[in-house]
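Welcome! Let us take a friendly walk through one protein chain and the charged pairs in it.

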Amino acid sequence: MSHPYLPSVIELVRKAGDAILPHWRRELAVTAKADDSPVTAADLAAHDVLVEGLRALDGGIPVLSEEDCQLPLTERAGWQRWWLVDPLDGTKEFIAGSDEFTVNVALIERGVVRFGVVGIPASGRCYYGGAEFGAWRSEADGSSQPLRVRQAPHERFTLVASRRHSSPAQEHLVSSLRERFGDLALANVGSSLKFCLLAEGKADCYPRLAPTSQWDTAAAQGVLEGAGGEVIEVTGAPLRYAAREGYLNPSFLALPKGVDWRARLLELAQHA
């Protein structure tokens, strides 16, 4: 089982990646947005590809993109389903010349991720999935394989961390997890790839007690949920995307479903 729009969205994500690559590791003009985050011509080129393609796919589904998000809540509150798009996630990584930047597209229905697609332009790799039909990783040559989270750490409990963003609460949680699990392995990676490491079974937990926006997480959440994982607020409630005034997510925890350390993780996060 899959979604009828998924193949088209995967192709669009690849096209958006192709629009980004001519700007990669080249001299770039970088503009600061109102929130002081950077934007480049590559972000805008990918945005144009995705918006045009998604509207052509189904003109009845509105598009909410990081690069065009000045839409009043009165308009968004009536949406039943919409595309949530980050044309270039990891812009700071991109500007620095790293290959850890992604293109993210998620279909949201009543605040829930129906499916998500995460493309890596630098390699041609693509992750995609949804809770109702599984998750896969495909390569530039067209080969693909299903993804599944791991239920237990391998040699060490592996924690995924942001290379650029943390907070005192996050550092406190990491210290508490060391007390619970012993010496941790830390996997530092940029953009939405943090979720994909969990989906591939290469890590155990991604806690985020520092700010993120809805477009940073939705697509990769779809991939992780398809691989048997979950993304929850520190209250234990699922992370959702209902329309609200701002676009910031609450703190969250990404982890495999059904693990025996879930309750302890929540307890530690609530006291971080």
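A residue counts as buried when its relative accessible area is under 20%, as exposed when over 50%, and as partly exposed in between (1.4 Å probe, protein chains only). The model is predicted, so local features need pLDDT of at least 70 and side-chain atom pairs count only at pLDDT 80 or more, while totals for chains, interfaces and linings use all residues. Residues are numbered from 1 along each chain as its sequence is written, and side-chain values use heavy atoms, with hydrogens and water left out.

**The whole chain**

The chain has 8 helices and 14 strands; helices (H or I, at least four residues) and strands (E, at least two) are DSSP runs, numbered from the N terminus. Its radius of gyration is 18 Å, close to the 19 Å that the globule rule gives for 272 residues, so the chain is as compact as a globular protein of that length. That radius is taken over C-alpha atoms, and the rule is 2.2 Å times the number of residues to the power 0.38. Of the 272 residues, 56% are buried. Take the contacts (heavy atoms within 4.5 Å) between residues at least 6 apart in sequence: 65% of them join residues at least 24 apart.

**Salt bridges**

How many salt bridges does the structure hold? There are 12, each being a side-chain nitrogen of Lys or Arg within 4 Å of a carboxyl oxygen of Asp or Glu. Here are three of the pairs.

| Acidic residue | Basic residue | N to O distance |
|---|---|---|
| Asp-204 | Arg-150 | 2.7 Å |
| Asp-183 | Arg-156 | 2.8 Å |
| Glu-230 | Arg-262 | 2.7 Å |

The salt bridge between Asp-204 and Arg-150 links distant parts of the chain, 54 residues apart: Asp-204 is in the loop between helix H6 (193–199) and strand E12 (206–208), and Arg-150 in the loop between strand E9 (144–146) and strand E10 (158–162). Both residues, Asp-204 and Arg-150, are buried.

In the salt bridge of Arg-156 with Asp-183, the partners are 27 residues apart, with Arg-156 in the loop between E9 and E10 and Asp-183 in the loop between helix H5 (168–181) and strand E11 (185–189). Arg-156 is partly exposed at 40% relative accessible area, and Asp-183 is exposed at 54%.

Glu-230 and Arg-262 also meet in a salt bridge. Glu-230 belongs to strand E13 (residues 229–233) and Arg-262 to helix H8 (residues 262–270), so this pair ties together parts 32 residues apart in sequence. Glu-230 is buried, with a relative accessible area of 13%, whereas Arg-262 is partly exposed, at 24%.
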